[in-house]
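Please look at the sequence and the structure shown here before reading on. The paragraphs that follow lead from the domains to single residues.

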Amino acid sequence: MTAPDSLSLAQARRVALAAQGFTDPPPAGVPTRRHLRRVLDRVGLIQMDSVNVLQRAHYLPLYSRLGPYPTALLDTAAYRRPRELFEYWGHEASLVPVELHAALRWRMARARDEAWGGMRRIATEQPGLVAWVRDEVAARGPLTAAEIEHDAPRETGNWGWNWSAVKRALEFLFWAGEVCAADRTAAFARRYDLPERVLPAAVRDAPTPTDAEAYRTLVGVAARALGVAAEPELRDYFRLPLAGARQAVADLVEAGDLLPVTVPGWRQQAWLHAGARLPRRVSRATLVSPFDPLVWERGRTERLFGFSYRIEIYVPAPQRVHGYYVLPFLQGDRFTARVDLKADRRAGVLLVPAAWVEPGVDPGETAVALAAELYRMAGWLGLDAVAPPAAGDLAEPLAAALAGVAGVR
């Protein structure tokens with residue numbers, strides 16, 4: 001791509017979608033480790049979340065880019081040798097490529113200052129407990145917090161022992177990089193172990209960069225993954241400190257890795273990654289997770305797509321506008337609808353509490369595309385049917401489109 005001085009809004013959208021992997025050709029057959037690596041190279045990291053009303057959040061970005069794929073592909077990359085991913089605080093709780101471990105050691109080193117309050121207090125007020133928990137992991141790991149608490153000698157009660165104290169101690173050690181997530185239980189609980197038993201030796205032995213070098217690495221990953229972005233979004237991708245991220249941006253500009261461009265409606269300076277691609281069109285039609293890196297930074301999502309999106313999980317039910325677990329529907333280079341979804345695994349049905357169409361969008365055309373996507377997702381989730389929408393201004397045309405898809409299955 002020849003470096004431009006400006007991008008139209010439509011061009012910026014296509015750059016962003018290409019950078020995130022939405023223009024890569026879908027796999028011809030069952031996705032493989034090679035396809036997984038391609039997505040990871042595009043997005044840089046994958047956010048995790050415990051909500052399981054539809055599907056665990058970390059599985060969805062791969063689905064949006066690859067289509068139906070075996071989730072064991074991601075599990076193996078994260079929790080089996082040779083590991084390609086490890087759990088750590090990247091954007092939020094994330095699966096991060098192991099090659100970035102060294103670039104995140106500055107965060108580990110600052111655990112006593114930057115970890116959440118409960119973790120910091122445990123480390124400061126009960127160092128004996130923290131040391132005991134680490135020794136338990138070293139002697140008997142991998143272990144869950146519940147397993148350590150269950151086997152704790154009662155004489156440790158003078159530490160004010162309870163499950164939450166053990167969990168806070170483990171989470172402090174996790175933040176500090178002294179323990180890692182070996183894997184997850186069926187109930188999604190972390191099983192902790194020592195880094196030397198989890199991370200590949202080459203990763204553990206990699207030299208620790210300076211903070212400035214680490215910030216440049218992480219901003220570089222963010223810039224490549226975003227394609228075009230303002231400085232706050234480059235900083236937000238790995239939740240970097242303000243001064244360090246700004247200096248990293250300046251360094252990358254000087255090196256020619258980031259190029260200044262103007263984008264209509266962007267008040268802040270836009271930066272284009274030097275390796276960004278500008279496809280002629282985007283033909284993808286897929287649902288996107290609330291935790292997808294494409295929509296992490298809601299301000300950028302609104303500037304790029306004219307799409308105002310807020311997740312309403314923590315909003316009281318009577319105050320929700322669109323629903324509890326609402327996924328945007330990407331159709332070409334626009335978000336054309338949003339749909340509240342829930343997997344009823346016992347009944348084998350994908351429930352649609354609500355469906356909404358975006359302004360200026362043809363509801364009939366969008367309903368047909370969305371119906372096909374809902375059945376595709378249902379099949380991936382192992383569900384047999386999709387229920388008609390219960391509410392929303394797209395409910396009627398979507399119900400008709402779903403009936404049409406069901407009739408030809």
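**From domains to residues**

In this predicted model, the centres of domain 1 and domain 3 lie 26 Å apart, taken over C-alpha atoms. Their contact draws on 18 residues of domain 1 and 17 residues of domain 3. The domain assignment places domain 1 at residues 9-101 and 207-273, domain 2 at 115-199 and domain 3 at 310-406. Domain 1 is therefore written as two segments, since the assignment joins 9-101 with 207-273 under one domain.

The interface between domain 1 and domain 3 may be described first by its area. About 1600 Å² is buried between the two domains, and carbon and sulfur atoms give 67% of that area. Which three residues of domain 1 supply more of its buried area against domain 3 than any other three? They are V53, L54 and Y63, and together they supply 46% of the area that domain 1 buries there.

Specific interactions also cross this interface. One salt bridge is counted between domain 1 and domain 3. A salt bridge is formed by the side chains of R13 and D333, with a distance of 3.8 Å from N to O. This pair qualifies because a salt bridge requires the side-chain nitrogen and the carboxyl oxygen to be within 4 Å. In addition, eight residue pairs are found in polar contact across the interface of domain 1 and domain 3.

The next step is to ask what the domain 1 side of this interface consists of. Two elements give two or more residues to the side that touches domain 3, namely helix 1 (9-19) and helix 3 (60-66). Helix 1 gives the most, with four residues. Sorted by class, this side of domain 1 has twelve nonpolar, four polar and two charged residues.

The view may now widen to the chain as a whole. The chain contains 17 helices and 13 strands. Its radius of gyration is 23 Å, close to the 22 Å that the globule rule gives for 409 residues, so the chain is as compact as a globular protein of that length. Along the principal axes, the C-alpha trace spans about 65 × 55 × 45 Å.

Several details of the backbone deserve attention. R81 and P82 are joined by a cis peptide bond, with omega about -10°. P82 belongs to the loop between helix 4 (72-79) and strand 2 (85-89). Another cis peptide bond joins G141 and P142, where omega is about 5°. P142 is located in the loop between helix 8 (127-140) and helix 9 (145-150). Where does F188 lie? F188 is in the loop between strand 4 (180-184) and strand 5 (190-193). Although F188 is not a glycine, it has a positive phi of about 75°.

Finally, consider D236, whose place is in helix 13 (residues 231-236). Its side chain makes a polar contact with the side chain of R239, at 2.9 Å. When neighbours within four places in sequence are left aside, D236 is in contact with H91 and E297. How far apart are D236 and P260 in sequence and in space? They are separated by 24 residues in sequence and by 19 Å from C-alpha to C-alpha.

Definitions and conventions
Residues numbered from 1 in each chain as written. Predicted model: local features only at pLDDT ≥ 70, side-chain atom pairs only at ≥ 80, totals over all residues. Heavy atoms only, no water. Contact = heavy atoms within 4.5 Å. Buried area = accessible area lost by both parts, 1.4 Å probe. Polar contact = N/O pair within 3.5 Å; in protein donor to acceptor, adjacent residues only side chain to side chain. Nonpolar A, V, L, I, M, F, W, Y, C, P; charged D, E, K, R; others polar. Rg over C-alpha atoms; globule rule 2.2 N^0.38 Å.
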